Amino acid sequence: MSAGLSSSQPTAPHVQEAEAQRTGASHAGAQHTQSAEPSRTPGGRPSLRGTAPLGRIRPGLILAAVLLALVTAWALAPDLFTDRDPLSGDPLQRLQAPGTGALLGTDQLGRDVLSRIIHGAGSSLGTTAIAVLIAFGAGTAIGVVAGFLGCGVDAVLMRVIDVLQSIPGLLLSMSVVVALGFGAVNIALAVALASIPAFARVARGEVLRWRSTLFVEAARLNGIRTPEIVVRHVLPHAVGPVFALAALEFGSAILAVSALSFLGYGAPPPQPEWGLLVSEGRDFIASAWWLTTMPGLLIAAVVLSVNRIALALGSGRSRS
Amino acid sequence: MRLTPTAALVLRRLGHGAVVLWAAFTLAFLVLYVLPGDPVAILLGGDQSTAAPEEIAAVRAEYNLDRPLLVQYLLALTAALRFDLGSSFATGQPVVEAIGAALPSTVALAVAALVPAVVGGTALAVLAVNARRPALRALLSGLPGLGVALPTFWVGLMLLQVFSFRLGWVPALGAEGLLGLVLPAATLALPLGAMVAQVLLRALDRAWREQYVTTFRAAGMGRPRLLLSHALRVASLSLLSVAGVITGNLLGGTVIVETVFTRSGLGRLAESAVSSQDIPLVLGIVVFSAVVFVLVNLATDLLYPLADPRTRPAVRAAVRRAAEASAEALPAAGAEANQTHSPTPTRPTEEVRA
Amino acid sequence: MHTRSALSLTAAALSAVLLLSACGSQPDPTAAAGEPVSGGTLRIAYDTDPQCVDGQQVGQNTALNVTRQVTDSLTDQDPETGEIVPWLAESWEVSEDSREFTFHLREGVTFQDGTPFTSASVAENFAAIQDLGARATQGSSYLAGLRSVETPDEHTAVVAFEEPNAQFLQATSTMILGFYSSQTLEKTPEERCGGEIVGTGPFTLESFTPAESASLVRYDDYAWPSSLARHEGPAHLDGIEITVVPEATVRNGSLSSGQIDVDTAVLPQDEETLEASGFPVLSRPNPGMTYNLLPKESKPIAEEPEVRRAISKAINREELAAVISSHQSPATSVLSQSTPQYTDLSAHLAFDPEGAAALLDEAGWELNAETGIRERDGEPLSIELSYWQTVPFLELVQQQLRAAGIDLQLDRATLAEHTAAQESGDLTFDFYNLTRSDADIIRTVFDARARNVNEREPSEIEDILTETTVTTDPAARTALFEQAAVKLIEEGHAIPLVELSGVWATSPEVQGLHFEASSRVQLYDTWLAGER
C-alpha cells in the first residue's frame with residue numbers, strides 16, 4: 001500500500017532518499033561542479049560526491065580497524081596477551097594503582113584489571129555478537145516478509161513491531177532477564193528483543209523500495225515465483241543498509257549489556273564481562289578510579305570504532 | 001465517505017493504537033506470569049520469612065494467584081479496561097496512583113533533558129554542516145558518536161563527583177527544584193542530544209543535495225538562508241519520525257538516571273517493580289509506556305503536514321509509514337542506517353523527474 | 001528513682017565507650033563533650049528500600065530501623081550483656097515452666113493519637129500478629145503456640161503458651177512485637193506497610209514513599225523511654241528524614257560534602273578516607289546467625305559429610321578479612337559475637353587445606369591436574385550457589401575453594417529469583433544470615449522439625465535444641481547452644497563464613513547514635529551538635 005502511494009507521490013519526504021541517491025549517481029557531473037565549496041557529509045566521512053578520493057588513507061578508520069582487530073584477537077586467544085589469572089588474585093595486592101606491577105592496576109580481590117579486560121573480550125563481544133545476530137535474523141525476516149507480502153501480513157507484523165517498540169528497550173530487557181534467568185545467552189536475547197524493531201523497519205523499507213523497481217516487476221511479469229524474486233533480486237540489494245545497521249547496533253548492544261549489569265542483571269561472577277567491570281567498579285570511583293575508568297574508556301573506544309566502520313561501510317556501499 | 005482525511009487518519013491510527021495496547025498488555029502479562037519467582041514468597045520476606053505453607057497459600061488466594069492463568073488474564077484485562085490496573089503487591093498502593101505519583105517528576109526530567117538535547121543537537125548539526133575547516137568539521141561531526149558511546153550511569157556518577165561532591169555547585173540529593181534537575185537532565189540529555197545531532201546531520205546532508213536546493217543555489221540563494229528556510233525544515237521531518245524512538249529512549253534512560261541521582265519517578269518505579277516481580281506494577285508501567293508511544297506516534301502523524309507543506313493530508317499516513325520504515329528504524333546508538341542506500345537508477349518515480 | 005536513672009546513664013555511657021572502642025573507631029573527644037541540645041533534623045541515607053515500614057510484618061533491617069522509632073516494646077535488651085530490662089513493662093514474672101509470662105505495665109503511656117496504652121493493647125496487638133499469619137514474617141514464629149493473653153486489670157497482661165517458650169521474653173524486646181493503636185490495627189496490612197502506623201514511640205511517621213523516602217517528626221508528649229535510655233522526656237531531634245540512595249558513591253559523596261548526616265551502608269574501601277577526615281564510622285555485628293553456607297543434605301554432593309567438612313576446612317576465614325570492612329569479622333561460630341549466647345568456636349573453623357584434601361581423597365574425589373578440579377567417576381566436584389545479597393567476599397571464597405579443587409559456581413540472582421529457587425527445592429546449597437538477638441535463631445533454622453534448612457533427618461541435635469526451649473538459666477542455655485553449634489559445624493550442617501555488620505558513618509555533628517541489641521538503631525538519644 002505504501003509502496004503504491006509512494007510511486008504516485010514523488011514529492012513526499014520519503015523520496016528524499018531516492019533523490020539523494022540519484023544525485024550521487026546520475027548527477028555525478030553536477031556534483032563535480034559544486035565541489036569547489038567544501039561540503040562533507042557528517043560523521044566525518046567523505047561525501048558522496050565523486051571528488052572524494054576512493055583510496056585516500058583515513059587515519060581514523062585505520063585506528064578503528066586496528067582496535068577492533070586487537071579486541072577480536074583478545075577474544076580469540078586471550079592467553080597470548082596476558083599470563084595473569086583473570087579469576088584469581090592475591091587479596092594482599094588488592095586495589096593497586098596502575099603502574100609497573102599491574103599495568104592497569106588491580107581490583108578489590110587483587111586481580112589484574114588488564115587481564116580481566118583481555119579475558120573479558122570473549123564474553124563481552126560474544127554476548128554482543130549473539131544479540132546482534134538474533135536481532136538481525138529475526139528483524140530482517142520479519143521486515144522482508146512484511147515488505148514483500150504487504151497488506152494483511154504487513155499490517156499484522158508491523159503491529160507486532162509496534163508492540164515491541166512501545167515498551168522501552170531497557171524495561172523489556174530487564175523483564176526478559178528476570179524471566180529467563182541470568183547468563184550470557186539470556187542477556188543477549190534480552191538485548192536482541194529490544195533491537196528487533198530497528199532491523200525489521202529498515203529491512204521492510206528496503207524491500208518496499210526495491211520491490212517496485214522495474215527489474216523486479218519485470219521478473220514478476222516473467223512469471224518468476226515470489227520467493228525467488230525475494231532471494232535473487234530483492235535481498236541482495238536490501239541487505240546493505242541492514243548490515244550497516246547491524247554494525248551500529250553492535251555498539252549500542254555493548255552499552256545495553258553494561259546498563260543491565262549496572263542495574264544488577266549482569267553476568268555471574270567471577271566472569272570479567274566489560275559491562276560488569278564498569279558497573280562493579282563504580283563503587284570505587286572515589287577510592288580506585290581505574291576500576292571503572294579503564295573498561296569504560298575501552299567500551300567507549302570500541303563503540304566509537306564500530307560506529308566509524310559502520311559509517312565507512314555505508315558510504316562505501318553508496319559510492320560503489 | 002463523510003470523514004475528512006484527517007479524521008479518518010486519526011481514527012485509523014487510534015484503532016492501531018488500541019491493538020498495540022492490547023498486545024503489549026497481553027505480551028507483558030504472559031512474560032510476567034511465566035516468571036520463575038513467586039511474588040507471594042517475595043512479598044512475605046523471602047529468607048527472612050518463617051511462615052507456614054498453609055499461611056502462604058491463604059495470601060496467594062487473596063491475590064487470585066491460585067486461579068487458572070486464563071481467568072487471571074481476563075480479570076486483569078477487564079479491570080484494565082476500566083482503568084483499574086490493580087494494586088502493587090509490594091506496597092498495596094493502586095498502580096494507577098503509583099504511576100500518577102511518579103509521573104510529574106519524570107516528566108520534569110524528560111522535558112528538562114529533551115529541550116537542551118534538541119536545541120544542542122540541532123546547533124551541533126548546523127555548525128558541523130557549516131564548518132569550513134575540515135578538521136573542525138570532522139571534530140564536530142565526531143562528537144555525537146562519542147556522546148552515544150559513553151555508558152549513561154558512568155556519565156552520571158562522574159558529573160556527581162565533580163559538580164556535587166568536589167565543587168558543591170548542585171545538591172546530589174533532595175532533587176526538588178530546578179537546581180536538583182540540572183545534573184540528571186544533563187546526563188539524560190547527552191545521549192539524546194547526540195542522537196538528535198546524528199539524525200539531523202544525516203538529514204541536512206541529504207536535504208543539501210536535493211534537486212530544488214541545487215536549483216535555488218544556482219539561482220543565487222545564500223547558504224544560511226537556504227539552510228534556515230528549507231533544509232532545516234526538511235531535516236526536522238526526520239527528527240519527527242524518530243519521535244517514538246526518542247520517547248522510548250527517554251523512558252528507558254530515566255531508569256538509569258533516576259537510580260544514579262536518587263530521584264523519584266517512573267524509571268525507578270519500574271526498576272524496583274521488575275526486581276521485586278511486582279507484576280501488577282510492571283504491567284501498569286508497560287501499558288502506560290505503550291499509551292505514550294501510541295500518542296506520540298499519533299501526534300507525529302498530525303504534525304507532519306505542518307512541518308512539510310509538500311505533504312497533502314491524504315497521504316500523511318503513507319508518508320509517515322514510509323518515513324518510519326527508513327528513519328524510525330534508527331537505533332539508539334546511531335542514526336545513520338537510513339542513509340546507506342545504493343543508487344536506484346531504475347526507480348520509476350525518478351525517471352519521471354530526471 | 002533519681003539514682004537509678006543516673007546509674008543507667010553512666011552504664012549506657014560506659015557501654016557506648018566500650019562499644020565504640022571495640023569497633024576501633026575513635027570518636028572526636030571535643031565533639032563528644034557538651035550537653036545534648038534539642039533540635040535539628042537528622043538526614044539519613046539508606047542503601048535499600050524498606051518497602052514496608054510495619055515492623056509486625058517485615059524482617060528487613062532498613063524497615064525495622066524505621067519501626068523502632070515509631071513503636072516501643074514491653075522490654076528492652078541491653079546490647080552489652082544481653083540482659084532483658086524494663087520498658088513499657090515495669091516488671092514481669094516468668095512461670096517455672098516458661099509457659100506463662102506476667103507483665104506489669106507502666107502507667108500514663110499514650111499512643112501518638114492520644115489513646116492510652118493498656119493491657120488490652122497488648123492483647124489486641126498479639127492477636128493482630130497472629131491474624132497476619134504468613135505476613136508476620138518473624139512475629140508469627142515468636143508467638144507460635146500462643147494460648148491466651150489475659151488482662152486481669154488495665155496494667156497487667158498475662159501471656160500463656162501451649163509449650164515452654166524460653167525465647168519469648170527476648171522477643172518482647174524487639175520492634176517486631178511493638179505496639180500499635182487500635183485504629184492502626186483496623187487498617188489493612190497494605191495500608192500499614194504504606195506508612196499508616198501509630199505507635200507509642202518517640203517519633204511519629206509523617207510520610208513514607210516506598211523506594212524513596214520516609215519522614216519522621218518528634219512526638220512531644222513522649223515520656224516513657226526504655227530503662228537503657230540516657231535521658232528522659234521527648235527525643236532531642238526535631239525530626240528524621242530518611243532517603244533511599246542505592247548508589248554507594250552517591251551516599252559517600254553526600255556525607256562528605258555535608259548533604260546528609262548518616263550513611264547506613266559504608267563500603268569498606270571508603271572507611272579509611274571517611275575516618276581520616278573526621279567522620280566517625282560506627283558498626284556492630286548483627287546478632288544471630290552469621291552468613292553461612294547451608295548444605296541441602298538430600299541432594300548429591302551436599303549429602304556427603306566429607307565434602308561438607310572439607311569445604312569448611314578449605315576456607316581461609318582470616319584471608320576473608322582482607323576484603324570485608326575493617327569493622328566486620330570473619331565468622332567464629334554459627335552465631336555472631338554480638339549474640340548473647342555466643343561462644344568462640346574458631347578452633348573448629350581453622351583453615352586446614354591438608355585436612356580438606358585428605359577428606360576429599362578419602363571420599364574418592366581425585367584431583368584432575370588439567371582442570372584443577374577434583375573428580376569422581378568423571379563427575380567434577382562442582383557446586384552451584386544461588387544468592388542475592390551484595391557479598392563480594394563470596395568471590396574470594398570461590399577462589400579459595402578452587403585452590404582445594406572444589407568448583408563453586410556463583411549464581412547472583414535477584415531476591416525474587418533466589419526465592420523462586422528456594423521454593424523449587426532444587427538448591428544444593430543455600431546461603432544467608434538471620435538477625436536475632438537470641439540464639440533461638442539456630443533452632444528456627446536448623447531444627448529438622450522446624451525450617452530444617454539442611455533437609456536432614458532428626459538427630460541428637462534436635463534433642464539439644466528442644467532442651468533450650470525449656471531451660472531458662474542463661475548459662476545452661478548458652479552451654480546447650482554451644483553444644484548444638486559445635487555439632488552443626490563438625491557435621492558440616494553449617495559452614496559459617498562472615499558476620500554481617502551494618503557499617504554506618506556519620507557527620508561529626510551527630511552525637512549519641514547507638515545500636516540496640518539487635519544492631520538496629522534507636523534514635524531517641526541522638527542529637528546534633530552545632531548551630532542547628
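Of the 320 residues of chain A in this predicted model, 57% count as buried. Chain A contains twelve helices and zero strands, and its pattern along the sequence is accordingly a run of α elements, α-α-α-α-α-α-α-α-α-α-α-α. Among the contacts in chain A with a separation of 6 or more, 65% join residues 24 or more positions apart.

Chain C combines both kinds of element, with 18 helices and 25 strands. The C-alpha trace of chain C spans about 70 × 55 × 40 Å along its principal axes. A compact globule of 532 residues would have a radius of gyration near 24 Å, and the 24 Å of chain C therefore agrees with that expectation. Burial and contact range for the two chains are set out below.

| Chain | Residues counted as buried | Contacts (separation of 6 or more) between residues 24 or more positions apart |
|---|---|---|
| Chain A | 57% of 320 residues | 65% |
| Chain C | 58% of 532 residues | 70% |

**Helix packing in chain A**

Two packed helices are described by the angle between their axes and the distance between the axes. In chain A, helix α5 (residues 113-149) packs against helix α11 (residues 274-281) at an angle of about 130°, the axes lying 8 Å apart. An angle that is neither under 35 degrees, nor over 145, nor from 65 to 115 counts as oblique, and α5(A) and α11(A) are therefore oblique to each other. On the side of α5(A), the residues in contact are A:Arg116, A:Ile117, A:Gly120 and A:Ser124. These meet A:Trp274, A:Gly275 and A:Leu277 in α11(A). By class, this contact of α5(A) with α11(A) has three nonpolar, three polar and one charged residues.

**An open sheet in chain C**

In chain C, three strands form an open sheet in the order β14-β15-β16, with antiparallel pairing. Strands β14 (366-367) and β16 (379-380) of chain C each have a single partner strand and stand at the edges, so one side of each is left without a neighbour in the sheet. Strand β14(C) pairs with β15 (residues 374-376) of chain C in the antiparallel sense over two bridges. C:Leu367 has C:Arg374 in β15(C) as its bridge partner.

**Contact between chains A and C**

Where the two chains meet, chain A contributes 21 residues and chain C contributes 24 residues. By class, the side of chain A that touches chain C has 13 nonpolar, five polar and three charged residues.

Conventions: Residues numbered from 1 in each chain as written. Chains lettered and ligands numbered in written order. Predicted model: local features only at pLDDT ≥ 70, side-chain atom pairs only at ≥ 80, totals over all residues. Axes fitted to C-alpha atoms, helices over the stretch in contact; angles between N-to-C directions. Helix = DSSP H or I, 4+ residues; strand = E, 2+ residues; numbered from the N terminus. Contact = placed C-beta atoms within 7 Å. Nonpolar A, V, L, I, M, F, W, Y, C, P; charged D, E, K, R; others polar. Pairing = 2+ DSSP bridges. Rg over C-alpha atoms; globule rule 2.2 N^0.38 Å. Buried ≥ 20, exposed ≤ 12 C-beta atoms within 10 Å, placed from the backbone.
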